[in-house]
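Please look over the model shown here before reading the remarks that follow, which are set out point by point for use at the bench.

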Amino acid sequence: LCFIISINVLRRFSNVNYHWSLLMFFSIFALDAYIDNPMRNLIASVIFLFSFKFIVNNNFFKYLITIIVASTFHMSALFMIPLYFIKKININYKTIIIILCFLIIIIIVFQAYFREILLFLFWKFGGIFAERFNPVYLHEALNLKTGGTITIGFIVHYLVFVLILIKKKQIESKENGRLLFNFTFVYMIFYTIAFSIWILFR
């Protein structure tokens, strides 16, 4: 069922580029989600995909209810609520480059400090999220000695994003193009951070 919903969403929003979207879906997301299956994360992700149509149709109430349902499977779904409001924001090239370059420098050069800051902020302002986590598990997850080196996967992700960035105006000129581009940019932000803190990959 999760697989069918994912494919239908791809088909609906990809139009003539459906096969390219399918290739990206399997190479980046599906191999992890459907083979090495984190079930709760997968269900929450698919419910979010289902809610995508409510963003397009400007129905915040239905979107909010759907995300709350998704959060009953995994609390991280609540982070999707603010994404509703970025659909019409025009993010310029300069802003994109500055943010991503800043993150890359942070996770490579100042990785240890970055983890400690995130850990402090999480316990200080995490509220209900912090209460749901085992403190020992979270501390170990944040301090796992991983990342800090540019991998092939990292390079491939950024090469693909550079191609998307080159076609930014063309993408945004299409129906729902700006929404899809902005979501791609948000994905790259989380991916870059998760490259240093592996728990965020989930």
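The numbered points below go from the overall fold to the nonpolar cores and then to the charged side chains.

1. Please bear in mind throughout that this is a predicted model. The protein chain contains 11 helices and zero strands, so that reading from the N terminus one meets α elements in the order α-α-α-α-α-α-α-α-α-α-α.

2. Of the 202 residues in the protein chain, 39% are buried. The surface that the protein chain exposes comes to about 12,500 Å², and 71% of that area is supplied by carbon and sulfur atoms. Among contacts with a separation of 6 or more, 66% are between residues that lie 24 or more positions apart.

3. Which residues touch the most other members of the largest nonpolar core? In this core of 15 residues, that description applies to Phe48, Phe52, Ile55, Tyr63, Leu83 and Phe183. At least two residues each come from helix H1 (2-14), helix H3 (39-56), helix H4 (60-71) and helix H11 (177-194), and H3 gives the most, with four residues. As general background, nonpolar side chains in soluble globular proteins tend to be buried together.

4. Tyrosine 63 deserves a separate look in the viewer. Leaving aside residues up to four places away in sequence, tyrosine 63 touches Phe48, Ser51, Phe54, Ile55, Met80, Ile81, Leu83 and Tyr84. Apart from the largest core there lies another, of 14 residues, which includes Ile91, Leu100, Tyr158 and Met188.

5. Turning to charged side chains, the count of salt bridges comes to two. In one of them, the side chains of lysine 168 and glutamate 172 meet with an N to O distance of 3.2 Å. Both residues belong to helix H10 (residues 168-172), and because lysine 168 and glutamate 172 are four residues apart there, about one helical turn separates them. Lysine 168 and glutamate 172 are both buried.

6. Glutamate 172 also forms a salt bridge with arginine 178, where the closest N and O atoms are 3.7 Å apart. Are the two partners buried or partly exposed? Glutamate 172 has a relative accessible area of 16% and is therefore buried, whereas arginine 178, with a relative accessible area of 28%, is partly exposed. Through shared partners, the salt bridges join Lys168, Glu172 and Arg178 into one network. In general, side chains of opposite charge can pair when their charged atoms come close.

Terms used. Residues numbered from 1 in each chain as written. Predicted model: local features only at pLDDT ≥ 70, side-chain atom pairs only at ≥ 80, totals over all residues. Heavy atoms only, no water. Buried < 20%, exposed > 50% of the residue type's maximum accessible area, 1.4 Å probe, protein only. Contact = heavy atoms within 4.5 Å. Areas by Shrake-Rupley, 256 points an atom, 1.4 Å probe, with all protein chains shown as cover. Core = buried A, V, L, I, M, F, W, Y, C linked by side-chain atoms within 4.5 Å. Salt bridge = Lys/Arg side-chain N within 4 Å of Asp/Glu carboxyl O.
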